[in-house]
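Subject: Structure handover

Hello,

Here is the structure for your next round of work. My notes on what was found in it follow below.

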Amino acid sequence: MSEAHYDLAVIGGGINGAGIARDASGRGLRVVLLEQNDFAGGTSSASTKLIHGGLRYLEHYEFRLVAESLREREVLLRLAPHLVTPLRFVLPHVKSLRPAWMMCMGLWLYDRLGGRGSLPASTAVSLDGTPEGAPLRPLLRKGFVYWDAWVDDARLVIANLRSAAGYGATLMRSTRFVAARREAGVWRIEARHRDGSVRILRARALVNAAGPWVAEAAHGIEGSQDMAARVQLVKGSHIVVPRVHPGRYAYLLQNDDRRIVFVLPYEERYSLIGTTDVLIETPEQGAHIDAAEVRYLLAAANRYLATHLRERNIVWTYSGVRPLYDDGSANPSATTRDYHLVLDAGEDVPLLSIYGGKITTYRKLAEAALAQLRPWLEPARGEWTAHEPLPGGAGASERALSTLQKQYEGLPASLVERLYRRHGSETSALLAGAVTVDDLGHHFGADLYEREVRHFIAHEWAEEPDDVLWRRTKAGLHLSAAERQEFEGWFVAQQGRMQRETRCSA
Ligand SMILES: Cc1cc2nc3c(=O)[nH]c(=O)nc-3n(C[C@H](O)[C@H](O)[C@H](O)COP(=O)(O)OP(=O)(O)OC[C@H]3O[C@@H](n4cnc5c(N)ncnc54)[C@H](O)[C@@H]3O)c2cc1C
């Protein structure tokens with residue numbers, strides 16, 4: 001049985017675990033991260049995919065959270081411009097739901113809370129005979145426009161992990177944290193790989209970033225069982241339908257339960273509609289959308305849209321679970337989305353448990369986690385992640401994309417763009433030497449080629465077909481059932497061949 005020693009062990013390969021692993025390893029700490037399934041396989045690939053201040057949170061007086069999120073929006077637009085892109089929102093005005101003065105005041109505050117940013121200020125917009133009004137019911141005449149940003153959530157996790165790995169972090173996927181106890185001034189951690197092998201690790205500090213499974217992981221950590229009571233699990237679901245409007249902007253629709261529903265442009269051909277807020281007891285209950293959520297989302301969209309959506313229009317759904325800090329609120333929509341870090345410094349061997357948070361604030365959460373652990377870990381370097389671009393982010397811009405499209409003029413411009421949105425400035429390395437699509441290897445359908453898949457296997461820890469189809473890309477949505485099946489067959493055969501080669505060379 002192998003044993004290894006680290007400064008910091010992190011449970012969970014979602015955005016929070018990945019962000020902490022990146023920050024800590026970049027400060028010179030020896031880091032290990034354990035993920036039971038695929039990286040980003042939990043909530044961090046099931047979000048609404050917004051890097052946003054959260055206009056709605058103003059109604060709950062969450063000014064600190066909104067201000068920090070808006071500042072982070074600017075930081076992330078800079079660090080990963082290929083993954084985080086500005087998105088314009090249209091907010092139709094319905095007098096009976098919120099008066100115009102309230103909307104104006106909220107947007108005025110939203111424009112200012114984060115300080116001067118790069119995105120345009122909010123404005124009023126006519127919905128009468130304008131492109132913004134065209135997809136909506138004719139009764140809606142007035143609205144507002146404001147800006148936030150869109151993110152490929154799963155790829156943001158991978159970008160953080162690639163950076164962490166570059167700084168020397170050990171990343172173990174398919175490896176489940178089982179138990180930890182304090183022993184001889186460090187944590188003794190037991191983890192189990194999917195193949196049944198057990199690993200024993202030692203670390204000076206432990207972070208529980210298991211997201212919706214934070215309570216379950218806490219049960220395995222000696223002395224931390226009472227942490228379980230602090231999490232409130234709130235399921236949120238989305239539906240995907242054929243594109244309901246052509247513009248590259250989104251709608252924020254008010255509902256009469258005072259919640260809001262987004263209609264977002266998604267993967268060119270589709271619209272993403274979400275989300276719901278359903279209190280659940282266990283993470284497993286959050287795996288799938290239920291009939292009531294489908295009805296809720298369709299009704300919210302149909303209240304505003306000129307095209308009537310039906311259940312048969314739904315092409316895909318996904319659900320995720322928010323691991324919120326239980327602030328005692330009975331209404332899951334009102335429970336704080338802010339993060340809470342709970343430190344247990346028992347026996348001078350620290351455990352930090354992470355609750356709540358948003359994709360948007362993961363980087364600040366990581367800084368806060370490192371600040372709490374500083375007395376024990378004494379990292380060589382201070383805060384640094386606000387300035388160093390994520391992999392693919394350095395030099396990425398719309399201009400760099402058009403230069404690349406010219407450079408690879410033998411490839412479809414749409415393919416180069418799609419690759420660029422995934423790999424940013426690393427796309428040129430991925431495409432090196434390609435003159436036509438024939439140079440990219442086997443074509444699986446849509447924009448998925450063998451060369452990129454091999455990159456996912458070699459550099460992004462893809463081990464299962466779904467890792468590629470639903471997280472490294474969203475090709476699953478674009479391939480036919482037969483194409484998906486063919487891809488799965490190819491992938492499994494490929495993995496088998498690689499394992500045999502590894503065994504032979506060992
Ligand atoms: C419907 C919905 C919409 C959202 N929309 C947005 C949005 O638009 N913008 C935004 O900023 N935020 C949004 N959020 C919030 C955001 O998605 C979450 O706060 C964030 O993804 C949580 O990340 P995490 O790393 O804490 O959890 P996760 O991503 O769930 O990661 C935890 C990981 O820990 C692993 N794990 C668990 N137990 C173990 C174990 N024993 N051993 C090893 N690994 C383990 C899991 O497999 C999982 O991968 C949304 C959330 C939901 C549910």
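A polar contact here is a pair of N or O atoms within 3.5 Å. On that cut-off, a polar side-chain atom of Thr360 pairs with an oxygen atom of the ligand at 2.7 Å. Please keep in mind that this is a predicted model.

Ligand site

Two backbone pairs go with the one from Thr360. A polar backbone atom of Leu50 lies 2.7 Å from a nitrogen atom of the ligand, and a polar backbone atom of Ile359 is 2.9 Å from an oxygen atom of the ligand. The ligand taken alone exposes 1,000 Å², of which the protein buries 97%.

The shell around the ligand has 36 residues, and the closest are Glu35, Ser44, Leu50, Gly357 and Thr360. By residue class the shell divides into 12 nonpolar, 19 polar and five charged. Elements that each supply at least two shell residues include helix α1 (15-26) and the strands β8 (175-183), β11 (231-242) and β16 (316-325).

Ser47 and its partners

Ser47 sits in the loop that runs between β2 (31-34) and β3 (50-51). Buried means under 20% relative accessible area, and Ser47 is at 16%, so it counts as buried. A polar atom of the Ser47 side chain is 2.9 Å from the backbone nitrogen of Lys49. The same side chain makes a polar contact, also at 2.9 Å, with the side chain of Asp153. Beyond its neighbours within four places in sequence, Ser47 is in contact with Asp153, His238, Tyr318 and Ile359. Of these, Ile359 is the residue whose backbone pairs with a ligand oxygen.

Helix α4

Asp153 brings in helix α4, which covers residues 153-166. The helix has 14 residues and spans 20 Å from its first C-alpha to its last, close to the 20 Å expected at 1.5 Å a residue. Because 11 of those 14 residues are buried, α4 is largely enclosed by the rest of the structure. Among the buried ones are Asp153 itself, Arg155, Asn160 and Ser163, along with Leu156, Val157, Ile158 and Leu161. Just after the helix, Gly168 takes a positive phi of about 100 degrees.

Backbone geometry to check

Three places in loops are listed here for your own inspection.

- Gly274 and Thr275 are joined by a cis peptide bond, with omega about 15 degrees. Thr275 lies in the loop between β14 (270-274) and β15 (278-280).
- Arg258 is not a glycine, yet its phi is positive, at about 75 degrees. This residue belongs to the loop between β12 (249-254) and β13 (260-266). With a relative accessible area of 43%, Arg258 is partly exposed.
- Glu378, also not a glycine, has a positive phi of about 40 degrees. The loop that holds Glu378 runs between α7 (362-377) and α8 (398-407). At 62% relative accessibility, Glu378 counts as exposed.

Regards

Technical notes
Residues numbered from 1 in each chain as written. Predicted model: local features only at pLDDT ≥ 70, side-chain atom pairs only at ≥ 80, totals over all residues. Heavy atoms only, no water. Helix = DSSP H or I, 4+ residues; strand = E, 2+ residues; numbered from the N terminus. Buried < 20%, exposed > 50% of the residue type's maximum accessible area, 1.4 Å probe, protein only. Polar contact = N/O pair within 3.5 Å; in protein donor to acceptor, adjacent residues only side chain to side chain. Contact = heavy atoms within 4.5 Å. Expected span 1.5 Å × (residues − 1). Near = heavy atom within 4 Å. Areas by Shrake-Rupley, 256 points an atom, 1.4 Å probe, with all protein chains shown as cover. Nonpolar A, V, L, I, M, F, W, Y, C, P; charged D, E, K, R; others polar.
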